[in-house]
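These are my notebook entries on one structure, kept in the order in which I looked things up.

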Amino acid sequence: YILERIRPLADVRIDRMGNLIAHKKGTEGARHVVLCAHMDEVGLMVTGIDDKGYLTYDTCGGIDPRVIVSKRVLVGEKAGPGVSGAKPIHLQPKSECQSVMKHDSLVIDIGAKDKADAERQVNKGDFVSFDSEWVEFGAGMVKAKALDDRSGCAILMAILENTYPCDLTCAFTVQEEVGTRGAQTVMEHIENVTCAIVLEGTTANDLGDVPEHLRVCAPGKGVAISMMDNSSLSHEPLWRALRALARKEDIPWQMKSYVSGGNDAGRLQRERGAVATAVLNVPCRYIHSPSSVASLADVDAAYRLVNAFLASNADFQEG
């Protein structure tokens with residue numbers, strides 16, 4: 001889908017990892033900015049089939065087992081329907097009711113009558129994804145799976161519709177959720193990089209009685225600008241320039257106020273010499289679940305900030 005959308009807009013190639021890389025010459029060429037968003041999402045992988053036809057699985061990316069129980073899923077290349085299952089609460093002893101079920105206590109039910117029937121439909125190694133519809137609701141909110149990082153991919157596609165003074169490369173990466181493997185190779189053939197900005201979805205923790213300093217960020221308050229996370233430290237002049245530009249252009253923004261997670265910036269920053277990086281995040285409640293929630297206004301704020309940065313063509317080193 002992304003390839004069809006951007007092919008008329010830029011010079012596009014796909015590397016051996018599967019990263020989709022789009023390059024667009026600027027009108028002045030004073031800078032070369034790399035934007036990055038990952039295409040992959042968290043999910044499951046079939047690891048076995050028991051005698052009753054239930055599927056066992058392992059996770060691909062970090063998924064809390066509490067968000068797995070009784071969820072609709074799609075299995076394999078044919079996207080066959082299934083349901084993630086667990087022992088009914090009526091049959092659980094008190095010790096199990098008072099603890100979180102682990103992944104190895106859960107199975108995937110595809111309605112098979114036995115092992116042979118399941119093996120006709122599914123193979124070990126098949127991927128399993130959440131079956132979750134896009135729903136817009138409330139005050140400009142959206143519920144969907146994989147807003148981490150559908151939001152970033154949507155911003156990059158929109159950015160490629162524009163022309164800027166600077167040269168621009170947009171990298172839609174693979175395998176971010178399983179170790180930022182795609183980003184490790186994406187810089188290999190990109191020359192003369194001024195800086196790289198990662199567009200991400202990140203954890204919002206604004207529910208209940210969580211103290212303000214532990215909320216990370218909150219949907220509806222603007223794009224979340226990271227100073228650091230578990231994989232990278234943002235380049236300070238670039239980080240300050242983005243904050244100053246948000247103020248100047250009256251773009252809603254917030255600080256990501258808690259060090260958590262990791263993303264492609266950690267790879268881009270170090271894989272090919274030192275590269276100045278920064279991360280702009282769309283806050284997502286219930287991240288890595290079938291039903292993430294985000295504000296469409298925050299997606300727009302992230303787009304506006306990137307657009308203003310590219311259009312300014314200023315030297316952030318002086319900011």
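**Cavities.** I looked first at the enclosed space, and the largest cavity holds about 60 Å³. On a 1 Å grid over the protein atoms alone, a cavity is a set of points where a 1.4 Å probe fits but cannot get out, and lining residues have an atom within 4 Å of a point. Grid points are joined across faces, edges and corners, and the volume is the space filled by probe spheres set on them. The count comes to two cavities of 30 Å³ or more. Among the residues lining the largest cavity I noted Glu41, Phe130, Lys145, Asp148, His288 and Ser292.

**Source of the values.** I remind myself that this is a predicted model, in which local features need pLDDT of at least 70 and side-chain atom pairs count only at pLDDT 80 or more, while totals for chains, interfaces and linings use all residues. Residues are numbered from 1 along each chain as its sequence is written, and side-chain values use heavy atoms, with hydrogens and water left out.

**Strand 9.** I then followed strand 9 (residues 127-130), where Val128 and Phe130 point to one face and are buried, while Phe127 and Ser129 point to the other face and are not buried. Buried means under 20% relative accessible area, with a 1.4 Å probe and protein chains only; strands are DSSP runs of E, at least two residues long, and helices are runs of H or I, at least four long, numbered from the N terminus. Strand 4 (residues 43-49) runs antiparallel to strand 9 and is joined to it by two bridges, with Met45 opposite Phe127. Strand 6 (residues 72-75) is also antiparallel to strand 9, through three bridges, and Val75 has Val128 as its bridge partner. Two strands pair if DSSP finds at least two bridges between them.

**A three-stranded sheet.** Which order do the strands of the open sheet have? I read it as 10-11-17, with antiparallel pairing. Strand 10 (135-137) and strand 17 (292-295) each have a single partner strand, so one side of each is left without a neighbour in the sheet. The twist averages 25° from one strand to the next, where axes are lines fitted to C-alpha atoms, for helices over the stretch in contact, and angles run from 0 to 180 degrees between N-to-C directions. Helix 8 (residues 296-312) packs on this sheet, touching strand 10, strand 11 and strand 17, and its direction makes about 60° with that of strand 17; contact means heavy atoms within 4.5 Å. Strand 10 pairs with strand 11 (residues 141-144) over three bridges, and strand 11 pairs with strand 17 over four. In strand 17, Ser292 and Ala294 point one way and Val293 and Ser295 the other, and all are buried.

**Lys143.** Is Lys143, in strand 11, buried or exposed? I entered Lys143 as buried, because its relative accessibility is 18%. Beyond its neighbours within four places in sequence, Lys143 is in contact with residues including Trp134, Phe137, Pro290 and Val293. The C-alpha atoms of Lys143 and Ser295 are separated by 9.1 Å, although these residues are 152 apart along the chain.

**Cysteines.** I counted zero disulfides, taking a disulfide as a pair of cysteine sulfur atoms within 2.5 Å. Why does Cys217 have no bond to Cys284? The sulfur of Cys284 is the closest cysteine sulfur to that of Cys217, but at 8.1 Å it is too far for a bond. Cys217 is buried at 4% relative accessibility, and Cys284 is buried at 0%.

Technical notes:
Buried < 20%, exposed > 50% of the residue type's maximum accessible area, 1.4 Å probe, protein only. 1 Å grid on protein atoms, 1.4 Å probe; cavity = no way out; pocket = protein on both sides within 12 Å on 5 of 7 lines; lining within 4 Å.
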